[in-house]
Amino acid sequence: RCPRKGLRVVGAAAFGQGASRPGSVVRLWWLGNSVGETTLLASVTVPPGRGSSARALAVHRSQVVRTGVSSFAGAAAPYFRAFVRRRSPILESLGKISLASTSRARVVWLVSDLLEERVYRFECGALPDETSFRETTAMFLPPDSLRGVAVAAVYAAPNVIDGDRCPVSVARFRAIAALYETAIAQAGGRFQLSPTSIPTIGGIS
């Protein structure tokens, strides 16, 4: 659940860090109500800079951030206006994203509350046992599908009180996060919670 302002903040961080990595590709995915609706909205390749001085690097970074964030905001605008959230197929969508590139040097920033609502009902339903969870998630996140990929759950935190949704206690949230870690590790990736800040690319261990 990422509001317009959140998209700009996360986008600025991604392009700000990516500016020092010419040739890097920064992609924006939209989580749909089904895996079929989960779609790649924008893909921006970071161009090389035109100098090595501090001023040239700062100008380059500013241009990369401005152009990238504008591209992302424009691509997402129709979805913010018209999209109605009914399901959250987070785990299956991770599987779809894992197939979109063969690069092993990838970082996925998952801007989400981690409340899967398609294969499982993480918000209100009973959580699965680890054995059955492994078997189910292996069907769409098979071994090696996330080999070398770092997945950071950005701004993910327990929702203890919410009048419109089931409350998610700290203990339940930790159990949900542990399931994500299990699924991602089984697929060969690394998982990290980043509830209060945006992680540094290359800093996920």
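**Stop 1: a pocket**

Start by selecting Pro47, Pro48, His60, Gln63 and Val64: among the 15 residues that line the second largest pocket, these lie nearest its centre. Before you go on, keep in mind that the model on your screen is predicted. The pocket you are looking at has a volume of about 220 Å³.

Which helix gives the largest share of the lining of this pocket? Select α2 and you have it: 7 residues of the lining come from this helix. In your viewer, α2 covers residues 54-82. Now add β2 to the selection, since β2 and α2 each supply at least two residues of the lining. If you colour the lining by class, you will find 7 nonpolar, 7 polar and 1 charged residues.

**Stop 2: along helix α2**

Stay with α2 and pick out Ala75, which lies in this helix. Is Ala75 buried or partly exposed? Ala75 counts as partly exposed, because its relative accessibility is 21% and buried means under 20%. Show the residues around Ala75 and leave out those up to four places away in sequence: Ala75 touches Leu41 and Ala42.

Next, draw a line from the C-alpha of Ala75 to the C-alpha of Trp30. The two residues are 45 apart in sequence, and the line is 9.9 Å long.

**Stop 3: a loop residue, Asn33**

Move to the loop between β1 (25-30) and β2 (39-45), and select Asn33 there. Asn33 has a relative accessibility of 9%, so Asn33 counts as buried. Where does the side chain of Asn33 reach? Follow it to the backbone oxygen of Val84, at 2.9 Å. Beyond its neighbours up to four places away in sequence, Asn33 touches Phe83, Val84, Arg85, Arg86, Arg87, Pro89 and Arg118.

**Stop 4: the largest nonpolar core**

In soluble globular proteins, nonpolar side chains tend to be buried together. To see an example here, select Leu91, Leu114, Phe122, Tyr180 and Phe191, the residues with the most contacts inside the largest nonpolar core, which has 27 residues. Now show α3 (90-98), β3 (107-111), β4 (150-154) and α5 (170-186), each of which supplies at least two residues of this core. The largest share, 7 residues, comes from α5.

Zoom in on Phe122. Leaving aside neighbours within four places in sequence, its contacts include Leu91, Leu114, Leu127, Phe133, Ile176, Leu179 and Tyr180. Glu116, Glu117 and Arg172 are also among the residues in contact with Phe122.

Another core lies apart from the largest one. This other core has 21 residues, and to find it you can select Leu28, Trp30, Leu41 and Val64, which are among them. You have already met Val64 as one of the residues nearest the centre of the second largest pocket.

**Stop 5: two residues with positive phi**

Go back to Leu114, which sits in the loop between β3 and α4 (130-137). Its phi is near 70°, a positive value in a residue other than glycine. Leu114 counts as buried because its relative accessibility is 0%.

For the last selection, choose Asp144, in the loop between α4 and β4. Asp144 is not a glycine, yet its phi is positive too, at about 80°. Is Asp144 buried or partly exposed? With a relative accessible area of 41%, Asp144 is partly exposed.

Definitions and conventions: Residues numbered from 1 in each chain as written. Heavy atoms only, no water. Helix = DSSP H or I, 4+ residues; strand = E, 2+ residues; numbered from the N terminus. Buried < 20%, exposed > 50% of the residue type's maximum accessible area, 1.4 Å probe, protein only. Polar contact = N/O pair within 3.5 Å; in protein donor to acceptor, adjacent residues only side chain to side chain. Contact = heavy atoms within 4.5 Å. 1 Å grid on protein atoms, 1.4 Å probe; cavity = no way out; pocket = protein on both sides within 12 Å on 5 of 7 lines; lining within 4 Å. Points joined across faces, edges and corners; volume = space filled by probe spheres on them. Nonpolar A, V, L, I, M, F, W, Y, C, P; charged D, E, K, R; others polar. Core = buried A, V, L, I, M, F, W, Y, C linked by side-chain atoms within 4.5 Å.
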